[in-house]
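The exercises below ask for features to be located in the structure and then checked against the worked solutions. Please keep the sequence and the model open while reading.

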Amino acid sequence: MRNCLVRPEEISSYTPTAAGSSSSSSFLHFTSPFRKNPIQEQTYQHEEEDDDYYQGLMECAEEPCETYEVVQTPQGFRCTVKAPSLLYKHIVGKRGDTRKKLEVETKTSISIPKPGQEGEIVITGQHRSGVISARTRIDVLLLTFRRKQPFTHFLAFFLNEAEVQERFLKFQEEVLEKCSMDHGVDSSIFQNPKKLHLTIGMLVLLSEQEIQQTCEMLQQCKEEFIDDISGGKPLEVEMAGIEYMNDDPGMVDVLYAKVHMKDGSNRLQELVDRVLERFQASGLIVKEWNSVKLHATVMNTLFRKDPNAEGRYNLYTADGKYIFKERESFDGRNILKLFENFSFGTLKLNSIHISQRFTVDSFGNYASCGQIDFS
């Protein structure tokens with residue numbers, strides 16, 4: 001896939017909650033919009049045809065927001081909503097019932113683009129309060145069903161430099177040589193060395209416009225604090241030492257390598273935490289954690305049955321179907337004892353990527369839809 005520079009005029013208008021407008025885009029790259037796995041939608045038990053489910057959502061709606069941009073027209077009032085076409089069906093409802101209910105209860109008319117066509121949802125009505133009420137309810141529906149979508153992308157540093165890949169393969173070789181008799185330890189649970197990465201946060205991006213918005217937000221982060229923290233240079237880090245995720249070293253599902261700054265500073269942690277905070281404030285990342293856990297997965301029992309599994313986030317397939325994966329844990333006690341301080345090498349982190357799940361680029365890594373560079 002080809003990376004190309006995005007000119008400011010090519011980026012759709014986007015005003016995040018906690019960031020100003022972007023200026024120069026000289027370091028912002030956007031990948032040509034050709035996907036190997038088109039984003040599809042999840043099917044749920046309580047779709048919008050369930051009247052009780054709709055009513056429950058409406059009862060949870062907050063008081064109408066007075067900050068919406070409502071335009072007065074000769075016919076009354078008008079307000080527009082931008083939303084990816086994948087979510088239109090939740091506003092329309094089965095046989096159009098959800099839209100009809102919204103229109104009746106708010107005394108408005110709601111125009112929605114046809115399926116597959118990107119555009120704006122247009123709300124019109126005789127009374128401003130009714131238009132605002134309809135907009136509030138539509139926002140609740142959109143947010144609710146967006147949160148049910150599987151993650152499509154993630155922000156990450158790639159950790160697959162040649163030296164690190166070689167050291168990882170050495171780690172795998174030695175673990176299998178010394179610990180293969182331990183319960184659950186075999187070659188199938190090791191990470192693909194070409195996909196070694198450090199995740200900052202998971203994203204649900206349902207249109208090319210939302211990918212562009214993410215690129216713009218990354219650019220804003222670069223200009224506002226990443227350049228200051230990095231000094232405009234790559235961050236030199238060391239990938240060394242191993243740890244496990246759960247509480248019992250005899251029943252491990254995920255083993256990871258620790259990543260830290262070579263100079264002993266806290267700059268990498270500060271940088272990723274501020275990126276996470278900014279994306280959470282904008283709504284592009286749902287707030288789960290206050291801080292990023294710096295780690296690179298090296299062994300994962302999900303890989304045992306599916307080499308393309310993606311950790312705890314692999315709850316859905318690429319076509320949006322929920323899957324349940326039984327996991328056979330492994331005994332990690334000997335591995336932790338023998339390789340506690342194993343060094344996977346040093347590397348320079350120079351780019352944050354917007355990586356797409358369930359894709360592979362020409363180098364065997366996740367396909368990148370865009371990136372910012374430190375230098």
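**Exercise 1: strand partners**

Find the residue in strand 10 that is the bridge partner of Glu-243, and then follow that residue to strand 11.

Solution. In strand 10, the residue that is bridged to Glu-243 is Tyr-256, where strands (E, at least two residues) and helices (H or I, at least four) are DSSP runs numbered from the N terminus. The model is a predicted one, in which local features need pLDDT of at least 70 and side-chain atom pairs count only at pLDDT 80 or more, while totals for chains, interfaces and linings use all residues. Residues are numbered from 1 along each chain as its sequence is written, and side-chain values use heavy atoms, with hydrogens and water left out. Turning to strand 11, Tyr-256 stands opposite Thr-297, and Lys-258 stands opposite His-295.

**Exercise 2: the sheet around strand 10**

Give the strand order of the open sheet, and state which strands stand at its edges.

Solution. Start with the pairings, for which DSSP must find at least two bridges between two strands. Strand 9 and strand 10 are joined in the antiparallel sense by six bridges, and strand 10 (residues 254-261) pairs with strand 11, likewise antiparallel, over five bridges. The open sheet has four strands in the order 11-10-9-12, with antiparallel pairing. Strand 11 (295-300) and strand 12 are the edges, because each has a single partner strand, so that one side of each is left without a neighbour in the sheet. On average, neighbouring strands of this sheet are turned by 30° against each other, direction ignored. As for burial (under 20% relative accessible area, with exposed over 50% and partly exposed in between, for a 1.4 Å probe and protein chains only), six of the eight residues of strand 10 are buried.

Next, locate the helix that lies across this sheet. Helix 5 lies across strand 9 (235-244), strand 10, strand 11 and strand 12, and runs at about 160° to strand 12. Contact means heavy atoms within 4.5 Å, and the axes are lines fitted to C-alpha atoms, for helices over the stretch in contact, with angles from 0 to 180 degrees between N-to-C directions.

**Exercise 3: aromatic pairs of helix 5**

Which rings pair with Phe-168 and with Phe-171, and which cluster holds them?

Solution. Across the whole structure, a search finds nine aromatic pairs, with rings of Phe, Tyr and Trp (its six-membered ring) pairing if their centres lie within 6.5 Å, and with planes under 30 degrees apart counted as stacked, over 60 as edge-to-face and the rest as tilted. Phe-168 pairs edge-to-face with Phe-190, at 6.5 Å centre to centre and 75° between the planes. This pair links Phe-168 in helix 5 (residues 162-179) to Phe-190 in the loop between helix 5 and strand 8 (197-203), 22 residues apart. Phe-168 is buried, with a relative accessible area of 0%, and Phe-190 is buried at 6%. Phe-171 and Phe-342 form a tilted pair, with 5.3 Å between centres and 55° between planes. Here Phe-171 belongs to helix 5 and Phe-342 to the loop between helix 8 (333-338) and strand 12 (343-349), 171 residues apart. Phe-171 and Phe-342 are both buried. Finally, Phe-168, Phe-171, Phe-190, Phe-339, Phe-342 and Phe-344 form one aromatic cluster.
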